[in-house]
Amino acid sequence: MKKQILLGFFAFSLFACNEAKNPAEKITIMKYPDTRKDSTIDNYFGTNIADPYRWLENDTAAETKKWVDAENKVTENYLSQIPYRDDIKKRLTDIWNYPKEGAPFKVGDFYFFTKNNGLQNQSVWFIKKGLDGKEEVFLDPNTLTADGTAAVSLLGFSHDKKYVAYSVAQAGSDWSNIYVMDIAKKMKLADELKWTKFSGAAWKGNGFYYSRFDAPVKGTDLSAANKFQKVYYHKLGENQADDQLIFEDKTNPNLYFGASVTEDERFLVVYASAGTSGNALFYQDLKSGNGKINSLIPGYENNHSVIDNLGDKLLVNTDYHAENKEVVLVDPKQANPENWQKIIPESKLALEGVNTGGGYLWASYLKDASTQIVQFDFTGTKIRTVKLPSIGTANGFGGYKEDIDFFYTFTNFTTAGNIYRYHIGTATSEVYKKSELKLNTDDYETKQVFYSSKDGTKVPMFIVHKKGIKLDGNNPVYLYAYGGFQISLTPAFSLSRLLFLEKGGIYVQPSLRGGSEYGEAWHKAGMLAKKQNVFDDFIGAAEYLIKEKYTNPAKIAIAGGSNGGLLVGACMTQRPELFKVALPAVGVLDMLRYHKFTVGWGWAVEYGSSDKKEDFDYLIKYSPLHNIKAGVNYPATLITTADHDDRVVPAHSFKFAATLQEKYKGDNPMLIRIETKAGHGAGKPTGKLIEEAADVWSFVFQNLGMNW
């Protein structure tokens, strides 16, 4: 009898666990904080613009911290009332929990690769001698902090393959320290370089070139503008204070500088950029020994990168008079463009990048936002187009000159990052590591469509959903895009997104102008005074989905991060009736003041600057913060940011949230989720990724009326 009762209770419990859960019928929203307003007013060319929440820009002030705590309390209270929030977190944890491995790459006798047992906060760097050698831990970021918020990146290997320089970034900040490891001994050296940001390590002899800023004033390291970046040379074993200053520009504080060294250590190349696109090149012939750094290609109208050298000449990937890019051979002594020799001419496809490896050039093109790899010899003769597993995104083609093979990853919306070994001699790929994801993704399909934007431009768009979905105009949609900074969104796998697809959602990814899916012309059509094209493209995507009966406005969530957060902010304020949910993440939302913080000045080449009247005149028209109007029914909004975001400072999100909460009087929630000990996104530990994804998807499911 007791056994029957227990079995019955177990069956009831099982039934209860699997019982469908509906969205909460009514969620009580706590009173938003009473955010103090001040009388700050700026005059832009005769136009007065109020900025009553300017004080929130001081992210370290006690008043700001108190406001952050109050906002997080409101958001947590809302999310805690969603009935399937815990179920979503558990499902995400289950999905995430499988072993993951990165593609190995060969350095001397050793192979380097990353592994994660499933839920480790950071992936661990491993090393093994030969492909069949014993796997040993090389660097484990999880041992650096108790909460897993330290992220490690390998920056560069010495040319004798004895040492590697690596960086450690804390709590999501862009600031990092650089250290050095002896590879064979797996031993950390005493070297420590501070206040580096966006730096590599370009080795020459017994040291390397790197980029750094001066130390900021204490307490301003996450918000103050970073100026006068410089290139230094660090010799192993010496103190950073003794590093040799190699390159600077005392006349212009707003320049990025980076360095590289050719594989044979013949040339030092210095990159100078006034922003996120367009650069100048400088070079030094390290063989000559005269120490002089000369101009190679002046800036800053075009984009150039040195691939390697052929003797005393340099192979350059450039978009000068070639919007889709081409490869040219440049003699530094006769560097005028009329003397350039074309090696790989411009094609109809956008050339993303070119690597060397095994004595060949490996060119990565985009064909309708998917990867195409073409092999050339160093004279520019085409050898072949590499056969890839299917349509998607491939990364890893390239290596050292002596390599006979290398490894690459391949992914798309339904392929979770398989690793292939490519044999150069036979031009064949074999599966090296298949993803251990325990889900059957064969139930989903991907299609690419082309729709017309407002001005008639054809825009490509990927649509992913379960097979056999009904086009009845009532499907939930997650519409995600970026649209800027030459960044192309190609097919990629997302663990988090699977949860939405499992429950009948449709994932949609349009390739907006502003990216480089179709070369520099596509980029330029979505920048500066033409930025509105990007928003029109995104709005056009939603209109297409409604017209084709995929969905309706009450079922559309829009999302984007960073520049994509700007995209969401602009579209939700321009067409609020078109969307039900808005998810601006770490967004650039104050277009009049973005350039006054950290490295924001570098984005002026993309956006323009409110310091110029002609730029102010179009920025004010779409700046999300300045286009929030009283009495408008905006979509349910969950803004996400982090306290250590020193790229897009959280003040953008703070002021946007405060203004929405002040002016909006409807029933939709206007919430902000502020993560602690996290930054713009890179290096965020697995635990925080799962928690944030659970909260975001809970918000989406609740407000799109989705069942669990």
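Visitor: When do two strands count as paired, and what is the order of the strands in the open sheet of 4 strands?

Guide: Two strands pair if DSSP finds at least two bridges between them. In this predicted model, an open sheet has 4 strands with antiparallel pairing. Their order is S25-S26-S27-S28.

Visitor: Which strands stand at the edges of this sheet?

Guide: A strand at the edge has a single partner strand, so one side of it is left without a neighbour in the sheet. The strands in this position are S25 (350-357) and S28 (382-385).

Visitor: Which residue in S28 stands opposite glutamine 375?

Guide: Strand S27 covers residues 370-376. It runs antiparallel to S28, and 3 bridges join the two. Opposite glutamine 375 stands arginine 384.

Visitor: Is serine 562 buried or exposed?

Guide: Serine 562 lies in the loop between strand S37 (556-561) and helix H7 (563-574). Beyond its neighbours within four places in sequence, it is in contact with residues including Tyr482, Val648 and His680. Buried means under 20% relative accessible area. Because its relative accessible area is 13%, serine 562 is buried.

Visitor: Which helix gives the most to the largest nonpolar core?

Guide: In soluble globular proteins, nonpolar side chains tend to be buried together. The largest nonpolar core here has 112 residues, and Tyr607 and Trp697 have the most contacts inside it. With 9 residues, the helix that gives the most to this core is H11 (residues 686-704).

Visitor: How many residues has the other core, which lies apart from it?

Guide: Among the members of this other core are Trp125, Tyr166, Val168 and Tyr400. Its number of residues is 18.

Definitions and conventions: Residues are numbered from 1 along each chain as its sequence is written. This is a predicted model: local features need pLDDT of at least 70, side-chain atom pairs count only at pLDDT 80 or more; totals for chains, interfaces and linings use all residues. Side-chain values use heavy atoms; hydrogens and water are left out. A nonpolar core is a set of buried Ala, Val, Leu, Ile, Met, Phe, Trp, Tyr and Cys residues joined through side-chain atoms within 4.5 Å. Buried means under 20% relative accessible area, exposed over 50%, partly exposed in between (1.4 Å probe, protein chains only). Contact means heavy atoms within 4.5 Å.
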